[in-house]
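Let's take a walk through this model, from a strand in the interior to a patch on the surface. Have the 3D view open as you read.

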Amino acid sequence: MKIQDFAKKKQNREKISMVTCYDHWTAQILSETEVDCLLVGDSLAVVMHGFDSTVHATTEMMELHTAAVARGAGDKFIVADMPFLSCSKGLPYAMETVHRLMAAGAHAVKIEGDTHQLEVIRHIVDAGVPVMGHLGLTPQSIHNLGGHKVQGKDEARAAQIIDSARKLEAAGCFSLVLECVPTKLGGCVSAAVGIPTIGIGAGPNTDGQVLVLQDLLGVNPNFKPKFLRHYAAGYNVVGDAVNHYHSDVVTGEFPALVESYR
Ligand code: KIV
């Protein structure tokens, strides 16, 4: 998928699929799948590093994980998250961060937030770098939002989100993530803008969907928010394989002669 295909898919009413990817071996597997694009999300701070929020993702982390993904992702389109506050420390700081993520192998950056990001978005787009917006529940603002709550439930806030989506499109975003909003609002935003919306917890009427890979693989069976579908019992698959290996080692079943050098 190339940048132009995002607009084409919206025009042709073809849905866009995106999953997160944080490391090289996963990128190699995903490069052989039909998924449209990969997101090196700042959720890696939580999923890969065990922090309690994406606020802890740093530019160094994003750069390192983006480079690892890019080395395995083949021709998949890679979007990398601009980390917490990187767009609010002035244009030079933002551009330096963009530079590092693009040099690491990203094809676009994703920026969370509302209209206060418009100036920096325009600047990055004018510099030739594709920008994906992110509205609704923006986890970098979790302390301001008071937790992981559905956004845009009342009319005033819903209207604000629609207005912000239009402004992000006008600023040059090629697409936007819409996180945790009511289904009706997901459809309204998607109809209000010409760029594709990629939803997570935003219902079926967005132009595409994104999930955290580990969530869809079910590696944490206790994490099951309403919007999530487990496509595998990843926790059991990994645990059973490792227990099987352990038992083969202690019984002497592994390695067999065919797995040994003469
Ligand atoms: O960081 C991330 O994984 C994201 C998705 C939830 C869209 O931004």
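## A pair of strands

First, a quick bit of vocabulary: two strands are said to pair if DSSP finds at least two bridges between them. Keep in mind too that this is a predicted model.

With that in hand, look at strand β3 (residues 77-81) and β4: they run parallel and are joined by 3 bridges. If you want a spot to zoom in on, Ala-80 stands opposite Val-109 in β4.

## Strand β4, covered on both sides

How many of the residues of strand β4 (residues 108-112) are buried? The count is 5 of the 5, so β4 is largely enclosed by the rest of the structure.

In a regular strand, side chains alternate between the two faces of the sheet. Here, one side of β4 has Ala-108, Lys-110 and Glu-112, while the other has Val-109 and Ile-111. Both faces are covered, and yes, the buried set includes Lys-110 and Glu-112.

## Thr-66 and its contacts

Next stop is helix α4 (residues 59-70), where you'll find Thr-66. Is Thr-66 buried or exposed? Its relative accessible area is 0%, so Thr-66 is buried, as the cut-off for that is under 20%.

What does Thr-66 touch, leaving aside neighbours within four places in sequence? Its contacts are Val-40, Ala-80, Leu-101, Ala-104, Gly-105 and Ala-106. Ala-80 should ring a bell: that's the residue opposite Val-109 in β4.

## Aromatic pairs

On to the rings. The model has 4 aromatic pairs. One of them is Phe-6 with Phe-174, an edge-to-face pair at 4.9 Å centre to centre, with 80° between the planes. Phe-6 sits in helix α1 (residues 3-11) and Phe-174 in the loop between α8 (155-171) and β6 (175-179), so this pair ties together parts that are 168 residues apart in sequence.

Both partners are tucked away: Phe-6 is buried at a relative accessible area of 0%, and Phe-174 is buried at 11%. Another edge-to-face pair is Tyr-245 with Phe-254, at 5.9 Å centre to centre and 65° between the planes. Back with Phe-6, there's also an aromatic cluster, made up of Phe-6, Phe-77 and Phe-174.

## A nonpolar patch on the surface

Tyr-245 and Phe-254 turn up again on the surface, where they form a nonpolar patch with Val-249 and Val-250. Together the four have about 390 Å² of accessible area.

Phe-254 counts as partly exposed, at 37% relative accessibility. Val-249, found in helix α11 (residues 234-251), is partly exposed as well, at 39%.

How values were computed:
Residues are numbered from 1 along each chain as its sequence is written. This is a predicted model: local features need pLDDT of at least 70, side-chain atom pairs count only at pLDDT 80 or more; totals for chains, interfaces and linings use all residues. Side-chain values use heavy atoms; hydrogens and water are left out. Rings of Phe, Tyr and Trp (its six-membered ring) pair if their centres lie within 6.5 Å; planes under 30 degrees apart count as stacked, over 60 as edge-to-face and the rest as tilted. Helices (H or I, at least four residues) and strands (E, at least two) are DSSP runs, numbered from the N terminus. Buried means under 20% relative accessible area, exposed over 50%, partly exposed in between (1.4 Å probe, protein chains only). Patches are made of residues with over 30% relative accessible area and no salt bridge: like charges are joined within 9 Å, nonpolar side chains (Val, Leu, Ile, Met, Phe, Trp, Tyr) within 5 Å. Accessible areas come from the Shrake-Rupley method with a 1.4 Å probe; for residues, only the protein chains shown count as cover. A salt bridge is a side-chain nitrogen of Lys or Arg within 4 Å of a carboxyl oxygen of Asp or Glu. Contact means heavy atoms within 4.5 Å.
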